[in-house]
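New notebook page. I want to find my way around this fold, going from the whole chain down to single residues.

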Amino acid sequence: MNGLIFFVSIWANLRIYTAAMGFQKKFTVLLCVCVALREIIRVQKLGKNHGGYHGQTIDIRAVLHDVKAAAQAHGWASEMFYKTGDLELLALHRKPEARSQKPEAGIYISTGIHGDEPAGPLAALKLIQENNWPPGTELWLLPCLNPSGFVLNSRESADGRDLNRDYRHLETAEVAAHIRWLERQANFDVTFCLHEDWESHGFYIYELNPDHRPSLAAKMIEAVARVCPIDLSPVIEGREAKGGIINPNLDPASRPQWPEAFWLVQYKTRRSYTLEAPSDFPLATRVNALVAGVNAALKS
Ligand SMILES: [Zn+2]
């Protein structure tokens, strides 16, 4: 209803504003308003998510097929570190293409640990296809940590486990295999875990930066704001937030269950970002938000 009042009010105001104009000027004004409205509509909430994610889904087998093809075309090595049925957990790795003046940076990106968050694997695919990485970066990219969940459009794996709560006790085969793979890798300068939140009003970030190294969060928010609304709520998911950034009080010992980012910051990195796209917005907006966030961080 609010939308109807909004459009009627715009229409009434336009009629008054353009009443004395010639046809050409009137047409130009209307065209500009239509373009502006299209942009507003594009990033409006869809209102589909009630009690969970009810938006667009993906064929994870097809997405991973495209990921593999794009990775091969752009010089990535691919390793399957776990398989359940025909569903593979893949790790992609690419060494720096060229030596640069800057010291080499090790970047880790993972996604698809929740099977009802399709923007993550699609963002991974887009990042690989765009191939727009800064020189001097060594890259590790895990495009889907929970393929069986995607088949069911379920947050949990096919066994009903939330894999992103299993990084302390390693009870699931998927997470145990992921940890075995991680333990064979070098340390990372920064890690990105790409997620979605079906309840959120906009994009936001969890930052784990216990040594207070230069933060990438504000640059990411600034870039994402150009393509997707930011959740500016003072409290998000029960935690204090500022400008779309949450800095959780990091005391893993006090937490009985660990998400992936906790394990990473304990054993592999000292800077970890979890990006949360708002999944009640159009899928393309969420993919663009995750891609823009990663790109902004890597270029800073
Ligand atoms: Zn998630």
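I began with burial: 39% of the 300 residues of the protein count as buried. The model is a predicted one, and I keep that in mind throughout. Next I looked up the secondary structure and found nine helices and ten strands. Then I checked how far along the chain the contacts reach. Among contacts between residues at least 6 apart in sequence, 75% join residues at least 24 apart.

**Entry: the core**

Which residues touch the most other members of the largest nonpolar core? I got Ala123, Ile205, Val224 and Leu290, out of 72 residues in that core. Helix H9 gives the most to this core, with eight residues. That sent me to the partners of H9.

**Entry: H4 against H9**

I took helix H4, residues 119-130, and helix H9, residues 283-299. Their axes are 9 Å apart and the packing angle is about 55 degrees. Oblique counts for angles that are not under 35, not over 145 and not from 65 to 115 degrees, so H4 and H9 are oblique to each other. I noted the crossing of H4 past H9 as right-handed. On the H4 side, the contact is made by Ala119, Gly120, Leu122, Ala123, Lys126 and Leu127. H9 brings Leu283, Arg286, Val287, Leu290, Val291 and Val294. Sorting the residues of this contact, I have nine nonpolar, one polar and two charged. Ala123 and Leu290 turn up here, and both were on my core list too.

A reminder to myself about helix spacing: an α-helix has 3.6 residues a turn, so residues three or four places apart point the same way.

**Entry: H7 against H9**

Helix H7, residues 217-224, also packs on H9, at an angle of about 140 degrees and with the axes 8 Å apart. Roughly antiparallel needs an angle over 145 degrees, so H7 is oblique to H9. H7 passes H9 in a right-handed crossing. From H7 I wrote down Lys219, Met220, Glu222, Ala223 and Val224. From H9 the contact takes in Ala289, Ala292, Gly293, Asn295, Ala296 and Ala297. By class, that contact has seven nonpolar, two polar and two charged residues.

I then followed Val224, another name from the core list. Leaving out residues up to four places away in sequence, Val224 touches Phe203, Ile230, Ala289, Ala292 and Gly293.

**Entry: H8 under cover**

Is helix H8, residues 260-267, mostly covered or mostly open? Mostly covered: six of its eight residues are buried. I listed them as Glu260, Ala261, Phe262, Trp263, Leu264 and Val265. What covers them includes strands E3 (105-111), E5 (190-197), E6 (204-208) and E10 (272-278).

**Entry: two loop residues**

Just before turning the page I looked at Gln257, in the loop between strand E9 (245-246) and H8. Gln257 has 12 other C-beta atoms within 10 Å, so I put it down as exposed. What does Gln257 touch, not counting residues up to four places away in sequence? Arg165 and Arg168. Arg168 is 89 residues from Gln257 in sequence, yet their C-alpha atoms are 5.9 Å apart.

Gly51 sits in the loop between helix H2 (23-42) and helix H3 (60-73). With 7 other C-beta atoms within 10 Å, Gly51 is exposed. I also paired Gly51 with Trp198: 147 residues apart in sequence, 8.6 Å apart in space from C-alpha to C-alpha.

Technical notes:
Residues are numbered from 1 along each chain as its sequence is written. This is a predicted model: local features need pLDDT of at least 70, side-chain atom pairs count only at pLDDT 80 or more; totals for chains, interfaces and linings use all residues. Helices (H or I, at least four residues) and strands (E, at least two) are DSSP runs, numbered from the N terminus. A residue is buried if 20 or more other C-beta atoms lie within 10 Å of its own, exposed if 12 or fewer, and partly exposed in between; C-beta atoms are placed from the backbone. Two residues are in contact if their C-beta atoms, placed from the backbone, lie within 7 Å. Axes are lines fitted to C-alpha atoms, for helices over the stretch in contact, and angles run from 0 to 180 degrees between N-to-C directions. A crossing is left-handed if the near helix is turned anticlockwise from the far one by less than a right angle, and right-handed if clockwise. Ala, Val, Leu, Ile, Met, Phe, Trp, Tyr, Cys and Pro count as nonpolar, Asp, Glu, Lys and Arg as charged, and the others, Gly among them, as polar. A nonpolar core is a set of buried Ala, Val, Leu, Ile, Met, Phe, Trp, Tyr and Cys residues joined through C-beta atoms within 7 Å.
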